[in-house]
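Reader: I am new to this structure and would like a close look at a single part of it. Please take the second largest pocket, and tell me what surrounds that part as well.

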Amino acid sequence: MTENKEKMVSVYAEANPNPESMKFVMNVQLLPEGQSVDYPNLESAVESPLAQELFNFDYVSRVFIASNFVTVTKSADLDWVKLIPELRTFLKSYVEAGGPIFNEGFSAKRVETAATNGDASAEDTEIAKKVIDLLDNYVRPAVEQDGGNITFKSYNDGVVTVHLQGSCSGCPSATVTLKAGIENLLKRMVPEVKEVVADGITV
């Protein structure tokens with residue numbers, strides 16, 4: 001899984017709600033379905049030669065890799081019109097040449113589904129399982145369409161905590177999506193849920 005055999009690779013860019021991020025979709029699998037990795041900086045990308053190469057572009061500030069796409073977040077005040085051809089050409093050449101996506105022996109950890117923090121009641125654990133199921137089946141596919149990912153972190157006393165990755169990090173509309181979209185859905189489907197909060201996002 002660390003290398004791709006030589007083949008014709010197509011890469012196309014897809015905009016998402018975060019104006020600083022761009023999703024580059026490929027016709028090859030980079031990670032098993034449902035797995036993803038998020039690198040907020042070069043130091044965190046030690047396990048991925050592909051991400052390290054992307055950070056060599058001085059305007060790249062974050063790299064998110066999922067099943068068949070890479071989301072790149074830019075830091076510089078540059079126009080995507082100039083950057084997309086450069087990044088698309090690089091990704092196509094790198095993957096076609098069989099460049100390693102991850103180091104030998106790397107395996108993306110599956111999303112932790114520890115239902116709660118501390119010693120949870122059986123009822124809380126049951127509610128958390130329902131929430132995880134809804135996130136997996138309804139929310140994550142939509143978030144992935146926008147070049148990001150959402151993972152369940154915990155459920156405690158009516159409050160669901162999630163972690164947003166990829167294009168969702170720093171996205172101006174992330175709070176609206178979280179409150180108007182995800183929170184409303186979970187409250188409707190799981191009446192015990194009172195609020196949804198995300199790591200690093202304040203409302």
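**The second largest pocket and its setting**

Author: Confidence comes first, since this is a predicted model. By element, helix α1 (residues 49-55) has the highest confidence in the chain, at 97, while α4 has the lowest, at a mean of 82. Over the chain the pLDDT averages 84, and 88% of the residues score at least 70. Two stretches fall below 50: residues 1-5 and residues 110-119. Beyond near neighbours in sequence, the model gives residues 1-5 a count of 20 contacts, and for residues 110-119 the count is 20 as well.

Now the pocket itself. The second largest pocket has a volume of about 270 Å³. Its lining is made up of 17 residues. Nearest the centre of the pocket lie Val143, Asp146, Cys168, Thr177 and Ile182. Two elements give two or more residues each to this lining, namely α3 (122-145) and α4 (174-189). Of these, α4 is the element where confidence is lowest in the chain, at a mean of 82. Sorted by class, the lining holds eleven nonpolar residues, five polar ones and one charged one.

Next, the chain around the pocket. It contains four helices and eight strands. Read from the N terminus, the order of the elements is β-β-β-α-β-β-α-α-β-β-α-β. The chain has 203 residues, and 49% of them count as buried. Among contacts between residues at least 6 apart in sequence, 64% join residues at least 24 apart. The area that the chain exposes is about 10100 Å², and carbon and sulfur atoms supply 51% of that area.

One further residue deserves a remark, for its backbone. Asp157 is found in the loop that runs between β6 (148-156) and β7 (159-166). Its phi is positive, about 50°, although Asp157 is not a glycine. Most residues other than glycine have a negative phi. Asp157 has a relative accessible area of 63%, and because exposed means over 50%, this residue counts as exposed.

To return to the part you asked about: the second largest pocket is lined by 17 residues, with α3 and α4 as the elements that give two or more of them, and eleven of the lining residues are nonpolar.

Terms used:
Residues numbered from 1 in each chain as written. Predicted model: local features only at pLDDT ≥ 70, side-chain atom pairs only at ≥ 80, totals over all residues. Heavy atoms only, no water. 1 Å grid on protein atoms, 1.4 Å probe; cavity = no way out; pocket = protein on both sides within 12 Å on 5 of 7 lines; lining within 4 Å. Points joined across faces, edges and corners; volume = space filled by probe spheres on them. Nonpolar A, V, L, I, M, F, W, Y, C, P; charged D, E, K, R; others polar. pLDDT = per-residue confidence, 0-100. Contact = heavy atoms within 4.5 Å. Buried < 20%, exposed > 50% of the residue type's maximum accessible area, 1.4 Å probe, protein only. Areas by Shrake-Rupley, 256 points an atom, 1.4 Å probe, with all protein chains shown as cover.
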